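The exercises below ask you to work from the coordinates of one chain, and each is followed by a solution that proceeds step by step. Please attempt each task before reading on.

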Amino acid sequence: MEQLDLLVTGIGRLVTPPGDAPRFGAEMNEVIEIETAAVAIHEGRIVHVGTEAEVMENLRGVTIAETIDVGGRLVTPGLVDPHTHLVHGGSREHELALKRSGVPYLEILAQGGGILSTVTATRAASEEELYKKARKSLNEMLLNGVTTVEAKSGYGLTTTDELKQLRVAKQLHDTHPVDIVSTFMGAHAVPPEYKGRTEEYVDLIVNEMLPKIADEFLAEFCDVFCEHGVFTVEQSRRILMEGKRNGLMPKIHADEIEPLGGAQLAGEIGAISAEHLLAATDEGLQEMADNGVTPVLLPGTSFNLGLQNHARARDMIDKYNLPVALSTDYNPGSCPTESIQLIIALASLNLKMTPEEILTACTINAANALGRSTDIGSIKVGKRADLAIFDAPNIKYLPYHFGINHTFGVIKNGQVVVWERQIVQEEAR
């Protein structure tokens with residue numbers, strides 16, 4: 001190599017999961033730590049990583065276009081948020097009093113609130129309005145150190161409006177530094193016009209929505225809210241299998257409120273991930289473990305809903321040897337936060353995860369939940385140069401000092417996009 005695009009020096013401590021595959025069970029505690037480190041980047045990829053002395057030795061005679069010094073700060077892989085409902089209209093602060101008075105989430109939904117309230121707002125919004133709103137949230141995620149985000153549809157519930165959400169997500173991917181991975185979730189709720197006719201709505205998803213989304217290549221994944229009063233296990237199976245036939249890999253909102261059997265279904269059909277899992281049974285977790293399903297846990301949701309129970313992260317890691325991932329579940333109802341750093345604190349407090357497990361869950365395992373662990377999620381030669389720079393001495397400090405944003409800078413695809421807590425490059429690609 002004769003030329004280098006970017007050299008990152010002055011790294012007080014670099015911490016990353018090893019390799020390019022998910023980390024299972026006890027492996028989640030194993031991370032690589034390098035003090036006084038440096039990372040060399042060319043054409044958006046990592047070409048050298050190690051101690052500063054080692055990297056500089058490898059770069060003798062190489063022309064370096066740009067060097068930045070991060071001032072002794074902590075550097076990790078760019079964080080990955082693998083479960084969000086990024087594109088939507090409106091907000092639902094008016095439901096807060098109902099939740100605090102003890103009205104169950106499914107009851108709010110049955111009364112036409114919850115998801116259905118957001119459906120009304122999303123249908124009424126133009127693509128431009130949805131784009132501007134989602135871009136604002138995406139900026140917040142970037143400022144938190146997030147470099148890749150999954151975005152689900154599911155607030156349109158008509159073919160036209162589901163396509164509208166997914167087109168906005170694609171536009172964001174094309175114009176924003178953060179990479180967007182799209183998931184079709186027309187089976188998020190039964191729309192009001194199909195009340196009492198769920199099977200007919202499933203027919204619409206299968207026969208019309210899925211083929212059109214596949215034709216336009218608007219999504220990589222298909223997700224279903226498999227829950228009592230929403231979609232049954234049988235309906236979920238039909239939708240997800242049809243999604244597979246249309247080239248969309250299955251994901252599933254499983255056993256969030258009741259142990260309906262979504263985790264077992266995830267294993268049966270070979271879903272890439274099962275998400276929420278607060279009520280997952282031992283049988284369901286074993287089925288997931290036997291079939292390579294990544295559990296995506298969303299501690300912000302149980303926190304915001306005031307629930308006493310939380311996903312059994314310790315059992316998933318210690319007993320079932322699962323590759324646990326973490327996510328915000330950013331959405332306008334059950335978890336209206338873009339802060340992955342809040343999730344880091346809640347994973348420590350409520351899920352009893354170690355700082356090493358949390359980092360792994362927010363990087364390589366989260367990337368695996370999106371089928372991208374070979375490209376992102378760790379700092380390794382050949383992988384995409386996505387780095388988060390934190391004003392912290394080590395990863396233990398992130399959950400310890402909670403309630404603030406520790407991000408100092410972000411490098412995305414080898415480009416500095418956040419510096420001194422400010423977005424310095426908002427246009428992508």
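**Exercise 1.** Determine which residues Asn331 touches, leaving out residues up to four places away in sequence, and establish where Asn331 is placed.

*Solution.* The model is a predicted one, and the contacts are read from its heavy atoms. Beyond its sequence neighbours up to four places away, Asn331 touches His85, Tyr155 and Pro336. The residue itself lies in the loop between strand E15 (325-326) and helix H13 (340-349). Next, consider accessibility: the relative accessible area of Asn331 is 3%, and because the cut-off for a buried residue is under 20%, Asn331 counts as buried. Finally, follow the polar end of the residue, where the side chain of Asn331 reaches the backbone oxygen of Asp329 at 2.7 Å.

**Exercise 2.** Which residues does UniProt list for "binding site", and why can they be said to gather at one spot?

*Solution.* Begin with the record: an unreviewed UniProt entry lists Tyr155, Asn331 and Gly333 under "binding site". These residues span 179 residues in sequence, yet no two of their C-alpha atoms are more than 11.6 Å apart, so they gather at one spot. Then place Gly333, which is found in the loop between E15 and H13 and which, at 3% relative accessibility, counts as buried. With residues up to four places away in sequence set aside, Gly333 touches Arg92, Lys99 and Asn304, whereas Tyr155 appears among the residues touched by Asn331.

**Exercise 3.** In what order do the strands of the open sheet that includes E15 follow one another, and which strands stand at its edges?

*Solution.* Tracing the pairing gives 8 strands in the order E8-E9-E10-E11-E12-E13-E14-E15, with parallel pairing and an open sheet as the result. Strand E8 (79-81) and E15 stand at the edges, and each has a single partner strand, so one side of each is left without a neighbour in the sheet. For a check at the E8 edge, look at strand E9 (residues 146-152), which runs parallel to E8 and is joined to it by 3 bridges; in E9, the bridge partner of Asp81 is Val149.

**Exercise 4.** Work out how strand E16 (residues 387-390) directs its side chains and how E16 is joined to E7 and to E17.

*Solution.* A general expectation comes first: in a regular strand the side chains alternate between the two faces of the sheet. In E16, Leu387 and Ile389 point one way while Ala388 and Phe390 point the other way, and all are buried. Turning to the pairing, strand E7 (residues 74-77) is antiparallel to E16 and joined to it by 4 bridges, with Ala388 as the bridge partner of Thr76 and with Val75 standing opposite Ile389. Strand E17 (residues 407-412) is likewise antiparallel to E16, through 4 bridges, and there the bridge partner of Ile389 is Gly409. The chain of pairings can be followed further from E7, since strand E2 (residues 6-16) runs parallel to E7 and is joined to it by 2 bridges, where Arg13 has Leu74 as its bridge partner.

**Exercise 5.** Find what Leu278 contacts when its neighbours within four places in sequence are left aside, and state whether Leu278 is buried or exposed.

*Solution.* Leu278 sits in the loop between strand E13 (273-276) and helix H10 (282-290). Its relative accessibility is 12%, and Leu278 therefore counts as buried. Away from its neighbours in sequence, Leu278 is in contact with Asp255, Glu256, Ser302, Leu307, Asn309, His310 and Ala311. A C-alpha distance adds to this picture, in that Leu278 and Ile257 are 21 residues apart in sequence and 6.7 Å apart in space.

**Exercise 6.** How many disulfides does the structure hold, and how far from Cys222 is the nearest cysteine sulfur?

*Solution.* The count of disulfides is 0. For Cys222, which is in no disulfide, the nearest cysteine sulfur is that of Cys226, 12 Å away, to be set against the cut-off of 2.5 Å for a disulfide. Cys222 is also buried, with a relative accessibility of 0%. Cys362 is in no disulfide either, the nearest cysteine sulfur being that of Cys335 at 13 Å, and at 1% relative accessibility Cys362 counts as buried.

Note on methods. Residues numbered from 1 in each chain as written. Predicted model: local features only at pLDDT ≥ 70, side-chain atom pairs only at ≥ 80, totals over all residues. Buried < 20%, exposed > 50% of the residue type's maximum accessible area, 1.4 Å probe, protein only. Pairing = 2+ DSSP bridges. UniProt positions renumbered as here; feature names shortened; annotations may be inferred. Contact = heavy atoms within 4.5 Å. Polar contact = N/O pair within 3.5 Å; in protein donor to acceptor, adjacent residues only side chain to side chain.
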